[in-house]
Amino acid sequence: MKLLLSNIKPCEHDSCSSFGEAFENGVVSSDNIKIAVGYITEESLLELKSILFFYFNEKKIKTCSLVIGMHGREGFTRPQYDAAIDLATFLKEKGIGSVHICTAFKYHGKTYVFRKTDVSAPISAMLGSSNLGNILDSRQWEVDVLFDEEDITAKLDI
């Protein structure tokens with residue numbers, strides 16, 4: 001278990017990793033990414049698509065499923081909706097994943113699960129306050145936890 005803190009002045013922490021670093025390490029070391037978040041931004045969806053497009057073109061195919069929570073009840077802006085449809089279309093056309101919108105209830109959780117195909121449990125998972133927008137340079141203070149303990153990563157693999 002490792003604490004992930006935002007590194008924003010005046011609350012800088014030399015001893016903690018950032019969400020962005022942990023996300024990047026998870027993507028690089030995994031084959032499958034599962035993300036469930038409350039909120040997304042247009043920019044974060046474009047960045048996620050760019051990451052997946054790179055790995056697909058490099059023949060290092062990553063699969064990705066994304067669940068978007070709060071927008072299912074509160075609505076999307078037009079750019080957010082268009083970016084979500086664009087990502088969903090890309091994932092479906094390439095056969096590497098899907099985008100789902102939770103409409104049954106307000107889903108506000110934030111989980112990121114990274115799995116290797118040949119390993120029974122996920123290799124790592126993050127849980128915390130970071131929505132998808134935090135994969136970009138964020139100026140918002142967030143606190144997350146990175147897990148690599150098999151019993152915890154398996155429980156977060158929902």
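Which residue forms a salt bridge with Asp-157, the closest N and O atoms being 2.4 Å apart? Let's find out.

## About the model

This is a predicted model, where local features need pLDDT of at least 70 and side-chain atom pairs count only at pLDDT 80 or more, while totals for chains, interfaces and linings use all residues. Residues are numbered from 1 along each chain as its sequence is written, and side-chain values use heavy atoms, leaving out hydrogens and water.

## A network around Asp-157

The partner is Arg-115, which forms a salt bridge with Asp-157 (a side-chain nitrogen of Lys or Arg within 4 Å of a carboxyl oxygen of Asp or Glu). This pair links distant parts of the chain, with Asp-157 in the segment after H5 and Arg-115 in strand S5 (residues 111–115), 42 residues apart. Helices (H or I, at least four residues) and strands (E, at least two) are DSSP runs, numbered from the N terminus.

Lys-34 also meets Asp-157 in a salt bridge, at 3.0 Å from N to O. Shared partners join Lys-34, Arg-115 and Asp-157 into one network.

How buried or exposed are they? Asp-157 is buried at 18% relative accessibility and Arg-115 is buried at 19%, whereas Lys-34 is partly exposed at 26%. Here, buried means under 20% relative accessible area, exposed over 50%, and partly exposed in between (1.4 Å probe, protein chains only).

## A pair within one helix

Arg-78 and Asp-82 form a salt bridge too, with their closest N and O atoms 3.3 Å apart. Both lie in helix H4 (residues 78–94), 4 residues apart, about one turn of the helix. Arg-78 is exposed at 57%, and Asp-82 is partly exposed at 38%.
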